[in-house]
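Reader: Hi! I'd like a close look at one part of this model, with its surroundings filled in afterwards. Could you take me through it?

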Amino acid sequence: MAHRRAYWGISVILSGPLTQAGERNEVVMDSGYLAGRTVGEAEIAGWVEQFHRDGYLFLENVLTPAMVCRLKDDLERALADHQDNGGGVIELHCRMFETSDANLHLFAMEPIVTFAEALVEKSCHVVHNNSFRTPLGKGITTWHQDDAPHYCVTHGEPPTNVRLPVLLFTCNYYLTDVPTVAHGPTQVIPGSHLFGSSPPPVMEGTEWEDKIVSCLGSAGSVMMFNNQVWHRGAPNHSDVPRCMTQVSYGRRMVNHFFFPFMNYQMPAHCYENAAPRLRRLLGFLPSGAYG
Ligand SMILES: O=C(O)CCC(=O)C(=O)O
């Protein structure tokens, strides 16, 4: 099982001590965070290529500690107030942006928003923003795709000469440190977005077991993944609940998933003073086919 860490240019990485789980932590000497920075076209294009190849992209040192702190506080407050249905495996609060400016701010945050526009389409929008806490021993541990396969390979090997349009992808922002597999990282099978089939619910004993990548990183990291890629949250066997906020970007042809969907009305305070880009991301889309 590989443990992949992706760092961007200006971090200095040193080898750290072995953890109790026998894994070597790397220590990142911060000389800055990505949040709010404009990244050059070439770097964005490189990220897009990597995402198309692997079905995901993991970046560390994105959110500042202050941002992480606010997002986590907002999650704790929201959960104390109300919990949505997390299926018994996570403690969930939907539509965080309605009550959390920190979440709303993520939608148009550079350089992730520019990456989303390059990857999905220029007029993409935000279709989902949930936050959750993974209690000890729990997690969304069944392997899955977020949506059914966009194409099905009926026989033989999956094609290697296709590139799927990215209709929808999700950003998992880590709000707690995930230094070891025991902390329940998001795990992924690289390239599986092109397999044209759904994953087995359990990877142990399958031909893909040794392909699992665990995205280990500090709070403030972001794991961005295609809705087609095989992934899960590893069970949280640490002694700290794991916190996460999610923002999903979709094409115009993908509607939002703001529960209860039908007759959902976005509170006016979310958009009335928003800049044009954020307004579009909130759903004020250009007209086009079907509308
Ligand atoms: O908890 C995680 O890291 C993964 C979450 C997940 O699988 C999902 O939201 O679809």
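Author: Happy to! Let's start with the shell around the ligand, whose residues divide into one nonpolar, five polar and two charged. Here Ala, Val, Leu, Ile, Met, Phe, Trp, Tyr, Cys and Pro count as nonpolar, Asp, Glu, Lys and Arg as charged, and the others, Gly among them, as polar. The residues around the ligand are G139, I140, D146, N172, T186, H231, R232 and G233; to belong here, a residue needs its C-beta atom, placed from the backbone, within 6 Å of the molecule. Please keep in mind that this is a predicted model, in which local features need pLDDT of at least 70 and side-chain atom pairs count only at pLDDT 80 or more, while totals for chains, interfaces and linings use all residues. Residues are numbered from 1 along each chain as its sequence is written.

Strand β12 (residues 231-233) gives the most to this shell, with three residues. Helices (H or I, at least four residues) and strands (E, at least two) are DSSP runs, numbered from the N terminus. The chain has five helices and 13 strands in total.

Now for the surroundings. Of the 291 residues in the chain, 39% are buried. Buried means that 20 or more other C-beta atoms lie within 10 Å of a residue's own, exposed means 12 or fewer, and partly exposed is in between, with C-beta atoms placed from the backbone.

Helix α2 (residues 65-81) has 17 residues, which at 1.5 Å a residue should span 24 Å, and its end C-alpha atoms are indeed 24 Å apart. The expected span is 1.5 Å times one less than the number of residues. Its buried residues are M67, V68, L71, D74, L75 and A78. Seen down the axis, these fall within an arc of 130 degrees, so they line one face of α2; the arc is that of the directions from the helix axis to the C-beta atoms. P65, A66, R77 and A80 are exposed on the other side of α2. Among the elements that the buried residues of α2 pack against are β8 (168-174) and β13 (242-250); contact here means C-beta atoms, placed from the backbone, within 7 Å.

Helix α1 (residues 41-54) follows a similar pattern. W47, F51 and D54 are its buried residues. They cover an arc of only 85 degrees around the axis, which puts them on the same side of α1. E41, A42, A45 and E49 are exposed on the other side. What covers the buried residues of α1 includes β4 (56-59), α4 (112-119) and β11 (222-226).

That brings us to β11, where five of five residues are buried. V222, M224 and N226 point one way from β11, and M223 and F225 the other way. In a regular strand the side chains alternate between the two faces of the sheet. Four bridges join β4 to β11, running antiparallel; strands pair if DSSP finds at least two bridges between them. One of the bridge partners is M223 in β11, which matches F58. β8 also pairs with β11 in the antiparallel sense, over five bridges, and there T170 has F225 as its partner.

Finally, take L136, in the loop between β7 and β8. L136 is partly exposed, with 14 other C-beta atoms within 10 Å. Although L136 and H237 are 101 residues apart in sequence, their C-alpha atoms are 6.0 Å apart in space. L136 also touches N236, D239 and P241, leaving aside residues up to four places away in sequence.

Definitions and conventions
Two residues are in contact if their C-beta atoms, placed from the backbone, lie within 7 Å.
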